[in-house]
Amino acid sequence: MGRHTGSRKLSGPSDPASGSGGSRRLETSTPAGWLAWATLAVLVTCVVTLVVRQESRDLPPSTRAAALSGAHDRGDQSTPARGADRTAPRVYHVAKGVALRPKHPAFYAMSLKMAKRGYVLRKSPKGSATHFNVSSFNVLGAGHTAGRGGMAPGAARMHAAVGLLTGNNVSVAGLQEFQEPQYHTFMALVGGTYGVYPGLSLGVQPVQNSIIWKQADWSLVEAHTLSIPYFHGNHVPMPYVLLRNRHSGREIWFYNSHNPADAQGPAGHWRAIATSMEVNLARSLTSGGTPMIVTGDMNDRAPFACPFASGTGMHSADGAYYSGGCRLPRHTNVDWIFGSSSLDFSSFVTDRSSQSRRISDHPMVRSAVTVPAVADPRCRKAWSFGWFCPRG
């Protein structure tokens, strides 16, 4: 029929050319095929790794560390990543602590011993400066306004006088003409706030010239009186007290006086004698270094201030002193505040509101006082650690 039947070649199962399209296909279902693919993957991986490592070695250390740390960055910039260059400078915030140094065992034994005696360790034997306000105030005795005279009775006026004292934060004051009715009113108003000497402890007459002090600021150490000549030379007691400041521990003498006026005849002679006695008292009390403040209605200006400043070396809160001659302020009162040369006065006031308000016929004089800090002689040196000083 045009072709020999013998020329047709029949494909069999073993003929590799059989199949669609006439192309060859790699058989992957055999173990040999899987092995070939795995070998190829390993070769590709090794080549890529070698290339990446070579490029990484060409980078600077800091750049390489940054690249490594970036792969693990969790937002914490303060902690270097694993593998980072830890030799690079970093900023640290260092809090300075307390320097500790060993102390000799004897120091501990001494500390316990001194603590039992009420001593504490300080850096310096000096305490703190003492600050307070002082006043001299003649409150006009109740007996002077018992009848008609245009002023309220002493007890009524005492309410306003207490207002002046407390309103101006007066810590210590010398009061004159502080008679019994006024004393009772005062104690009823502020009895728990102020201490008083002599008050009524020595009788009705001595109460008229009393020293008052704030209990929160001062404690009473000693209390005495000095008898000076008054009307016709009759002696009356004037108080002086030693007070210890509760805040600084400083001790100060306070003296308060009312030297005689000329109300019952010329009394200049008696005032001169009283001034001489007060000079001697001041020199005696301050001889050991304890400062002193003197308040009073002295019923004299220059005749009191000049001999007193000359004899004691004290100066007044309003500027009177003695240095090659008597120096007085331009305006003087008969009401005085004097203090030792070691004391500093400031903000002196002659408050005449007490007169305009008809509280008294005298102004209220007052001043701020500073007692500079000094070394406490009771302190004991604690080797190189400081000073043991009395507590308080």
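A residue counts as buried when its relative accessible area is under 20%, a cut-off worth having in hand for the cysteines below. This is a predicted model, and the briefing covers its 2 disulfides plus the packing of helix 6 against helix 7. Taking the bonded cysteines in sequence order, they pair up as 1-2, 3-4.

**The C379–C389 disulfide**

- C379 comes in at 6% relative accessibility, so with the cut-off at 20% it goes down as buried.
- Its partner C389 is buried too, with a relative accessible area of 0%.
- The sulfur atoms of C379 and C389 sit 2.0 Å apart, and the two residues form a disulfide.
- This link ties together distant parts of the chain: C379 is in the loop between strand 15 (364–371) and strand 16 (380–381), while C389 belongs to strand 17 (residues 387–390).
- Along the chain, C379 and C389 are 10 residues apart.
- If you're checking torsions, the one about the S-S bond here is 120 degrees, and the link is right-handed.

**The C306–C326 disulfide**

- C306 and C326 make a disulfide as well, with 2.0 Å between their sulfur atoms.
- Here the chain positions are 20 residues apart, and the bond again connects distant parts: C306 lies in helix 7 (residues 302–312) and C326 in strand 12 (residues 326–327).
- The S-S torsion of C306 and C326 is about -85 degrees, which means this disulfide is left-handed.
- What about the exposure of C326? At 28% relative accessibility, C326 is partly exposed, because that label covers the range between 20% and 50%.

**Helix 6 against helix 7**

- Helix 7, the home of C306, also packs against helix 6 (residues 268–285), with the axes 9 Å apart and at an angle of about 30 degrees.
- That angle makes the two helices roughly parallel, because the label applies under 35 degrees.
- The crossing of helix 6 past helix 7 is right-handed.
- On the helix 6 side, the contact uses T275, E278, V279, A282 and R283.
- Facing them from helix 7 are F304, P307, F308, G311 and T312.
- Sorted by class, the contact between the two helices has 5 nonpolar, 3 polar and 2 charged residues.

Key
Residues are numbered from 1 along each chain as its sequence is written. This is a predicted model: local features need pLDDT of at least 70, side-chain atom pairs count only at pLDDT 80 or more; totals for chains, interfaces and linings use all residues. Side-chain values use heavy atoms; hydrogens and water are left out. A disulfide is a pair of cysteine sulfur atoms within 2.5 Å. Helices (H or I, at least four residues) and strands (E, at least two) are DSSP runs, numbered from the N terminus. Buried means under 20% relative accessible area, exposed over 50%, partly exposed in between (1.4 Å probe, protein chains only). Axes are lines fitted to C-alpha atoms, for helices over the stretch in contact, and angles run from 0 to 180 degrees between N-to-C directions. Angles under 35 degrees count as roughly parallel, over 145 as roughly antiparallel, 65 to 115 as roughly perpendicular and the rest as oblique. A crossing is left-handed if the near helix is turned anticlockwise from the far one by less than a right angle, and right-handed if clockwise. Contact means heavy atoms within 4.5 Å. Ala, Val, Leu, Ile, Met, Phe, Trp, Tyr, Cys and Pro count as nonpolar, Asp, Glu, Lys and Arg as charged, and the others, Gly among them, as polar.
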